[in-house]
There are 2 protein chains.
Amino acid sequence: MEQTYKQRLRDKRLEDRIISEETAASWIKDGMTLGLSGFTRAGDAKAVPSALVEKAKEEHLKVNVYTGASLGSDIDRLMAEAGVVNKRLPFQADKTMRNEINQGDMLFVDQHLSHTAEAIRQDVLNPIDYAIVEAVSITEDGMIIPSTSVGNSSIFAEKAENVIVELNLAQSDAFESLHDIYELGAQGKRQPIPLTQVDDRIGTIGIQVDIEKIKGIVITNQPDSPSTIVPPDEETATMANHLIDFLRKEVEIGRLPENLAPLQSGIGSVANAVFHGLLDSEFTDLEVYSEVLQDAVFDLLDAGKIKFASGCSITLSEDKLEEVYWNIDRYRDQLLLRPQEISNHPEIIRRLGLISINTPLEVDIYGNVNSTHVLGTKMMNGIGGSGDFTRNSRLAIFVTKSIAKNGDISSVVPFVSHVDHTEHDVDVIVTEQGYADLRGLAPKERVPLIIENCAHPTYRDQLYAYYEDAWEKGGQTPHVLEKAFEWHTRFKETGTMKAAALQHS
Amino acid sequence: MEQTYKQRLRDKRLEDRIISEETAASWIKDGMTLGLSGFTRAGDAKAVPSALVEKAKEEHLKVNVYTGASLGSDIDRLMAEAGVVNKRLPFQADKTMRNEINQGDMLFVDQHLSHTAEAIRQDVLNPIDYAIVEAVSITEDGMIIPSTSVGNSSIFAEKAENVIVELNLAQSDAFESLHDIYELGAQGKRQPIPLTQVDDRIGTIGIQVDIEKIKGIVITNQPDSPSTIVPPDEETATMANHLIDFLRKEVEIGRLPENLAPLQSGIGSVANAVFHGLLDSEFTDLEVYSEVLQDAVFDLLDAGKIKFASGCSITLSEDKLEEVYWNIDRYRDQLLLRPQEISNHPEIIRRLGLISINTPLEVDIYGNVNSTHVLGTKMMNGIGGSGDFTRNSRLAIFVTKSIAKNGDISSVVPFVSHVDHTEHDVDVIVTEQGYADLRGLAPKERVPLIIENCAHPTYRDQLYAYYEDAWEKGGQTPHVLEKAFEWHTRFKETGTMKAAALQHS
């Protein structure tokens with residue numbers, strides 16, 4: 001191992017800065033703000049946060065924790081259990097942390113993933129005391145080479161007072177040259193982002209900081225947590241087919257080129273299933289411009305269906321992870337990882353004209369989308385990049401099963417209990433029932449399409465009943481405000497959204 | 001007049017295409033789609049739509065009407081009264097048309113103002129049969145020079161099958177060279193928009209189309225409708241002062257430069273009052289990058305406070321209109337009018353780091369904003385550009401009086417009855433009570449700030465009562481869904497949002 005880390009720590013000036021994770025943790029004081037690498041469980045700082053949790057067992061310690069997105073390695077769970085987090089942003093996806101947030105024991109700021117870097121640059125958030133970023137190597141001239149994600153690591157390192165690097169020997173150093181780090185500069189003084197094609201390289205291969213800021217280097221040897229997505233099932237495969245049918249028709253009428261447009265897909269099993277559906281489709285020469293690259297992207301690369309994939313992190317299942325990380329050279333000319341500010345930047349998303357595919361918690365009959373709040377109040381994970389993509393994509397698509405909890409929850413409701421994406425932004429909704437293309441339609445034109453094509457048959461009459469009641473009252477977007485959330489309150493009271501007449505059907 | 005229009009119609013090839021508005025209207029058939037110039041009452045096509053309304057009195061005629069934004073000259077009212085409109089987009093602000101929309105007699109698609117051009121380019125909307133655009137002149141080589149707005153005229157003219165020009169002698173031809181027309185091109189094939197400063201000129205001075213498409217030229221002589229904004233009152237002046245106090249503090253702590261950042265302001269009296277407030281402030285060398293340029297922008301230009309103003313239209317009160325239009329040379333080096341796709345483009349808004357100032361209908365205790373729907377159902381005007389700016393600005397500010405209807409409506413409610421701007425996007429809320437800076441705050445941190453600093457004292461206890469009730473139930477964003485819209489339903493039933501205990505206070 002001695003030899004290995006020396007090959008990876010190539011800047012001689014930093015050789016004497018190797019420290020233990022306990023030493024690093026000892027520098028972190030109550031009230032500080034930390035910027036941690038990590039995006040969708042990939043490339044997260046692992047050792048120092050764990051040591052910090054241990055330290056918090058001995059003394060009072062509350063810190064603000066900023067990340068790229070969700071962390072792996074149980075870090076969010078351990079931090080939540082230790083009560084070490086005062087404020088967390090911009091995203092999390094851990095059950096224990098979620099509970100703590102919803103119990104009011106911890107503050108959570110749910111941000112668009114492209115906005116965090118801008119807020120840090122504007123000095124709007126607490127200044128970052130320590131950036132703690134995972135790397136596969138540090139070059140001769142002190143450039144930090146990230147591992148399996150970039151996330152917000154570059155802006156953290158740039159703006160933090162101090163930087164701690166976790167040099168992770170369990171991550172392949174073949175990742176070197178797979179990143180493209182671009183710094184935007186101050187608003188009002190910056191140039192256009194010179195990216196016009198998915199495969200454009202516009203920056204450097206790593207993060208360059210003043211090496212005086214690098215206070216310590218912790219050598220680690222711990223793989224990323226594998227993703228938790230489940231393989232496609234019959235329903236997700238059906239959804240994928242509906243979506244692909246829709247795209248096929250768009251090509252037929254000349255609205256999309258034969259190789260579609262660069263694809264973005266949110267994290268999760270549904271989005272992964274859609275990408276899997278493309279494997280068996282006629283589409284080739286596909287491009288991906290996304291946040292997280294999941295198993296299916298690599299399956300599509302292996303099958304020669306994808307020309308190029310640009311992302312911000314790589315999150316894979318256990319088997320795929322092993323295969324990809326240690327054969328990464330195979331993908332060298334087809335892969336780039338960028339800061340999340342660039343992978344999710346409205347400028348690029350609009351310029352390239354992406355097709356974005358994300359998963360809602362619920363949609364309503366007018367096309368508003370709730371991506372975050374269960375029953376309008378409890379945080380699930382966060383909006384993530386769905387807003388960045390949805391607002392600016394050429395085609396903003398939401399894909400969900402029409403029901404959940406054995407049919408006691410309808411994913412199509414009269415009025416979503418929290419709005420993350422407004423009717424102005426949502427183009428197409430897909431469920432296992434079919435799809436509703438909402439583009440250019442007034443609210444009242446959308447209703448029958450959404451009910452007929454997307455809602456589960458169990459709930460269609462009930463949705464129509466609400467709508468007819470609302471229609472009587474008139475308006476651009478008819479609602480019966482007294483009953484708008486009746487489905488949600490009924491679920492809380494009775495365990496089902498089904499109206500009484502339906503409850504034993 | 002003969003002489004005058006000849007000076008303005010300089011392309012000899014078009015001399016024989018002068019027609020009457022009745023002839024133009026005769027070409028327009030039932031079921032067609034029209035693209036009309038016009039943005040915030042400025043630069044609208046006037047004669048042909050009026051002739052069309054007359055024609056519709058004689059025969060069945062329903063057309064789709066796309067514009068830049070609102071029209072003047074009572075066109076929307078007349079079209080609504082004549083029942084001539086099947087579908088209208090992306091914005092309107094006429095009382096009669098609003099009623100027709102809300103009664104369900106007309107379809108209205110409420111779009112982000114930067115999105116319409118993109119949808120047209122993607123062939124997602126009905127193809128445009130006739131673009132009808134007002135101009136001050138046509139150059140020797142057939143370039144159409146718009147008048148007081150650009151709006152969507154350039155994309156309409158580009159994509160329409162036929163173009164009719166209204167050459168309006170009542171508009172000063174000194175507007176020639178005040179426009180900057182830039183065409184983005186197809187998504188996936190376009191370059192970055194090369195605009196990095198407010199005063200950058202990136203395009204041509206007019207709209208170039210294949211002159212074979214110019215089917216007719218109608219000579220008109222009718223001024224724009226003046227704006228209907230009212231002068232600042234004590235309350236709007238107080239709001240302006242709170243906002244300026246906030247900006248001053250941002251400068252003091254180094255977050256903003258001394259000349260602030262380019263300013264955007266929505267249309268209306270409140271936004272105009274805020275700009276008026278800057279007249280008496282210490283701020284100089286200001287820049288404006290906005291949609292509509294109202295009276296106050298010209299007052300600030302006259303006072304030497306603004307260096308440069310970029311907009312998409314000029315909408316002025318009657319007095320100011322007379323003064324500005326015929327002395328437009330005075331502003332020649334300080335003014336540009338751009339297509340609304342460019343004035344409102346996320347790429348530019350984010351790059352320049354705008355301060356955007358818009359007016360909500362209502363806000364809620366977590367910072368969500370309703371800009372469009374009265375009591376959640378009835379359309380007021382439309383979202384306009386507020387979404388384009390709010391999502392991408394450096395500082396997204398909403399300014400409103402804390403109460404309306406003599407205090408029977410609170411502008412701060414538990415849950416907005418329609419969401420146009422989500423909690424992820426709203427930075428600062430200002431009322432005559434003060435301001436709430438929401439940046440970097442979790443939902444629960446925002447509540448006391450919004451109630452204490454923004455809500456009217458009459459409603460503060462009532463808001464706290466709702467929140468305390470909700471807090472008991474927990475969650476990231478506590479709500480009592482059963483009571484979320486109680487304030488709105490109470491207003492409908494009793495004429496006031498005040499709870500019973502307060503109703504005679």
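1. Let me start with how the two copies meet in this predicted model. Of the interface residues of chain B, 100% are also interface residues in chain A, so the copies meet through the same surface.

2. The superposition fits nicely alongside that. A turn of 180° with a shift of 0.0 Å along the axis lays chain B on chain A, with an RMSD of 0.0 Å. The two copies are thus related as by a two-fold rotation axis. If you want a residue to look at while finding that axis, try Glu347(B): of the residues of chain B, its C-alpha comes closest, at 2.2 Å.

3. Next, have a look at helix H8 of chain A, residues 234–252. With 19 residues at 1.5 Å a residue, H8 should span 27 Å, and its end C-alpha atoms are 27 Å apart, which agrees. At the N-terminal end, Asp233(A) acts as the cap, with a side-chain oxygen 3.1 Å from the backbone nitrogen of Glu235(A). Just after the helix, Gly254(A) takes a positive phi of about 85°.

4. What do the buried residues of H8(A) pack against? Their partners in chain A are helix H9 (269–279) and the strands S17 (355–358), S22 (395–399), S26 (428–431) and S27 (434–437). The buried residues include Met239(A), Leu243(A), Phe246(A) and Leu247(A), and also Thr236(A), His242(A) and Glu250(A).

5. Helix H10 of chain B (residues 295–302) deserves a point of its own. Seven of its eight residues are buried, so H10 is largely enclosed by the rest of the structure. Among them are Val297(B), Phe298(B) and Leu300(B), together with Asp295(B) and Asp299(B). The buried residues of H10(B) pack against elements of chain B that include helix H9 (269–279), helix H11 (318–325) and strand S14 (306–311). After H10(B) comes Gly304(B), with a positive phi near 75°.

6. Chain B also has an open sheet of three strands, in the order S19-S18-S25, with mixed pairing. Strands S19 (369–370) and S25 (412–413) stand at the edges with a single partner strand each, so one side of each is left without a neighbour in the sheet. S18 (residues 362–364) and S25(B) pair in the parallel sense over two bridges, and Val363(B) stands opposite Val412(B).

7. Finally, a remark on annotation. UniProt, in an unreviewed entry, places the feature "domain: Acetyl-CoA hydrolase/transferase C-terminal" at residues 323–466 of chain A. In the model, that span is 29% helix and 24% strand, and its end C-alpha atoms lie 51 Å apart.

Note on methods:
Residues numbered from 1 in each chain as written. Chains lettered and ligands numbered in written order. Predicted model: local features only at pLDDT ≥ 70, side-chain atom pairs only at ≥ 80, totals over all residues. Heavy atoms only, no water. Helix = DSSP H or I, 4+ residues; strand = E, 2+ residues; numbered from the N terminus. Expected span 1.5 Å × (residues − 1). Buried < 20%, exposed > 50% of the residue type's maximum accessible area, 1.4 Å probe, protein only. Contact = heavy atoms within 4.5 Å. Polar contact = N/O pair within 3.5 Å; in protein donor to acceptor, adjacent residues only side chain to side chain. Least-squares fit on C-alpha atoms with pLDDT ≥ 70 in both. UniProt positions renumbered as here; feature names shortened; annotations may be inferred. Pairing = 2+ DSSP bridges.
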